[in-house]
Amino acid sequence: MAEELMNPIGYGGKAQKPLAPRMTHLRGKTIALLDIGFPNSGVFLDRMEALLRDRYGVAEVVRHAKPSPTRMAKPEVRKDILSRCHGVIEAVSS
C-alpha cells in the first residue's frame, strides 16, 4: 500500500498574480495590437484598429507581430509595448 497519494493534476502552487487594473476609457490612449500569426489575424486586427480609432477615440494604435503562434513576442516587442502602450490586444483569428 502506498504511503501517500499522487496528485493527478501534476505540479501545483502557481504564484497568484493580481489582474491588471482595468481602463475606464480608451479615449486618448495608445493601444498595441499583437498579431500572433494565425491566418486572417491581420484582417481581424485591421477591423479592431478602425473600431478603436473611430468608436473609442484611441489616439494611437501600435502594431506588432509574433514570429509564429507558438513563439513568444521578441523582447524588443514586449519592451516597446510596455513603454508606449496603455493596453494590448493579442489577436487570434482563423
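## Strand pairing in the sheet

Ala32 stands opposite Val88 in S3. The two strands joined here, S1 and S3, run parallel and are linked by five bridges. In this predicted model, H2 packs on the sheet and touches S1, S2 and S3, with its direction at about 165° to that of S2.

S1 also pairs with strand S2, which spans residues 60–65; the sense is again parallel, and six bridges connect the two strands. One position in this pairing is given by Leu34, whose bridge partner in S2 is His64. Between S1 and S2 the chain passes through H1, and the resulting β-α-β crossover is right-handed.

## Sheet order and edges

The three strands form an open sheet in the order S2-S1-S3, with parallel pairing. S2 and strand S3 (87–91) occupy the edges; each has a single partner strand, so one side of each is left without a neighbour in the sheet. From one strand to the next, the twist averages 20°.

Strands of a sheet pair through backbone hydrogen bonds, in either a parallel or an antiparallel sense. In the present sheet the order S2-S1-S3 is built with parallel pairing.

## Helices against the sheet

H1 lies across S1, S2 and S3 and runs at about 170° to S1. H2 likewise touches S1, S2 and S3 as it packs on the sheet.

## Asp80 in helix H2

Asp80 belongs to helix H2, which covers residues 75–84. Is this residue, Asp80, buried or exposed? Its relative accessible area is 16%, and because the cut-off for burial is under 20%, Asp80 counts as buried.

Setting aside neighbours within four places in sequence, Asp80 is in contact with Val62, His64 and Cys85. Of these contacts, His64 is also the bridge partner of Leu34 in S2.

## Asn40 before helix H1

Where does Asn40 lie? Asn40 is placed in the loop between strand S1 (30–35) and helix H1 (41–54). The phi angle of Asn40 is near 70°, a positive value in a residue other than glycine.

Asn40 has a relative accessible area of 46% and is therefore classed as partly exposed, whereas Asp80 in H2, at 16%, is buried. The loop holding Asn40 leads from S1 to H1, and the chain continues through H1 to S2 in the right-handed β-α-β crossover.

Technical notes. Residues numbered from 1 in each chain as written. Predicted model: local features only at pLDDT ≥ 70, side-chain atom pairs only at ≥ 80, totals over all residues. Heavy atoms only, no water. Helix = DSSP H or I, 4+ residues; strand = E, 2+ residues; numbered from the N terminus. Buried < 20%, exposed > 50% of the residue type's maximum accessible area, 1.4 Å probe, protein only. Contact = heavy atoms within 4.5 Å. Pairing = 2+ DSSP bridges. Right-handed = clockwise from strand over helix to strand, strands pointing away. Axes fitted to C-alpha atoms, helices over the stretch in contact; angles between N-to-C directions.
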